[in-house]
Amino acid sequence: MRKIYAQKEISELRPVLGDDLFGRIYASPHLFVPVGDDGCFFSFLFCDIRQPQLPGMRMSAYCSREALLFVSDSTLCREELAKISEDQPPCKQILDLFLALSGADVDFLEHLEDDITALEDEMLLSKRPLRGAEGRIIRMRRLLLRFKRYYEQFSLITSGFAENENSLLDDTLQKRFSSLDRRLDHLLNSVLHLREYITQVREAYQAQIDIEQNQIMKIFTVLTAVFLPPTLIAGWYGMNFSLPEYGWSFGYGYVALLTLAVCLCSVLWFKHKHWF
């Protein structure tokens, strides 16, 4: 027997689970509990990583040797479950559903890695900090955080099946759930690797910003050093003392040429040292 419910109909599971277990469904993001000697109940937030713009939807199910009661508002989950034959054992239907839902995840994560690599290449080839890079990095980090939490929850559910605490599964199904659990661990490790990768890209972007800021400060420092001697000369001849140059007909030109020469020599010196 298999029945599929919308999330608003989840109360249909109350008689099967009991009030205590039913009340725990929304108390935790994920839940896996053996029920009696021939059943189990699980609940977690499903995330379609192929359409990450969609919000996560809760997937819940009671599974025994004879019955499968499935609850979710996710169209993808309901469609994939509908494709699976009802003649199979309920736990086998859940296994096939999990395999269908995670089948293309490796390809998607590979495409995401390519996007991060492309962003890194754009940043390295750009002479200045790439416009819009910060926003792209933030979006990718949030996306990977969401995937990390999703695979952690998903893996805990498959681990619960693989442990087979109440002997609900036969040996073949238990081995297949164990294999699926290892596969989800691999996907989780891939997400963690991508999180480290995008962190490195963020640090490289921050380094570019720091370098640009240092260049700006360097220019201001050089300009200050160039115009400091003329300021000193202006201060010197601005004192209220009678200097010999005041009575010299070429005094004004002499001071102007001196100031110009000092500025020119400073610029040439800084260029020679590659500071300007």
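**Buried contacts, cores and salt bridges in the predicted model**

Asp96 has a relative accessibility of 17% and therefore counts as buried, the cut-off for that class being under 20%. This value, like those that follow, comes from a predicted model. The partner of Asp96 is Lys92: their side chains meet in a salt bridge, with 2.8 Å from N to O. Lys92, at 18% relative accessibility, counts as buried too. Both residues belong to helix 4, where they sit 4 residues apart, about one turn of the helix. The spacing fits a general rule: an α-helix has 3.6 residues a turn, so residues three or four places apart point the same way.

A pair with this kind of spacing is found in helix 6, where Lys148 and Glu152 are 4 residues apart, about one turn of the helix. Lys148 and Glu152 form a salt bridge in which the closest N and O atoms are 3.0 Å apart. Glu152 counts as partly exposed, at 31% relative accessibility. Arg14 and Asp19 make a further salt bridge, their closest N and O atoms lying 3.2 Å apart. Here Arg14 is partly exposed, with a relative accessible area of 36%, while Asp19 counts as exposed at 56%. In the whole structure, the search finds 6 salt bridges.

Next to Glu152 in the sequence comes Gln153, also placed in helix 6. Is Gln153 buried or exposed? With 11% relative accessibility, Gln153 counts as buried. Leaving out residues up to four places away in sequence, Gln153 touches Pro29, His30, Phe44 and Leu45. Phe32 is 121 residues from Gln153 along the chain, yet the two C-alpha atoms are 10.0 Å apart in space.

Turning to the nonpolar interior, the largest core holds 54 residues, and the members that touch the most others are Phe42, Met59, Ile94, Phe98, Phe147, Tyr151 and Phe161. Two or more residues each are given to this core by strand 3, strand 4, strand 5, helix 3, helix 4, helix 5 (105-125), helix 6 (133-163) and helix 7 (171-237). Helix 7 supplies the largest share, 13 residues. Apart from this core lies another, of 14 residues, which includes Tyr5, Phe22, Val33 and Val71. Met59 offers a local view of the packing: beyond its neighbours within four places in sequence, Met59 is in contact with Phe42, Ser43, Phe44, Phe46, Phe70, Val71, Ser72, Cys77, Phe98 and Leu101.

Cys77, one of these contacts of Met59, leads on to helix 3. Within helix 3 (residues 75-83), the buried residues are Cys77, Glu80 and Leu81. Seen down the helix axis, these buried residues fall within an arc of 100°, so they line one face of helix 3. Which elements cover the buried residues of helix 3? The cover includes strand 1 (2-5), strand 3 (39-46), strand 4 (57-64), strand 5 (68-72) and helix 4 (90-102). On the face turned away from the buried side, helix 3 carries the exposed residues Thr75, Ala82 and Lys83.

Finally, nonpolar side chains also appear on the surface, where Ile216, Met217, Ile219, Phe220, Leu223 and Phe227 form a patch with about 590 Å² of accessible area together. Phe220, one of the patch residues, lies in helix 7, the element that also gives the largest share of the 54-residue core.

Note on methods. Residues are numbered from 1 along each chain as its sequence is written. This is a predicted model: local features need pLDDT of at least 70, side-chain atom pairs count only at pLDDT 80 or more; totals for chains, interfaces and linings use all residues. Side-chain values use heavy atoms; hydrogens and water are left out. Buried means under 20% relative accessible area, exposed over 50%, partly exposed in between (1.4 Å probe, protein chains only). The arc is that of the directions from the helix axis to the C-beta atoms. Contact means heavy atoms within 4.5 Å. A nonpolar core is a set of buried Ala, Val, Leu, Ile, Met, Phe, Trp, Tyr and Cys residues joined through side-chain atoms within 4.5 Å. Patches are made of residues with over 30% relative accessible area and no salt bridge: like charges are joined within 9 Å, nonpolar side chains (Val, Leu, Ile, Met, Phe, Trp, Tyr) within 5 Å. Accessible areas come from the Shrake-Rupley method with a 1.4 Å probe; for residues, only the protein chains shown count as cover. A salt bridge is a side-chain nitrogen of Lys or Arg within 4 Å of a carboxyl oxygen of Asp or Glu.
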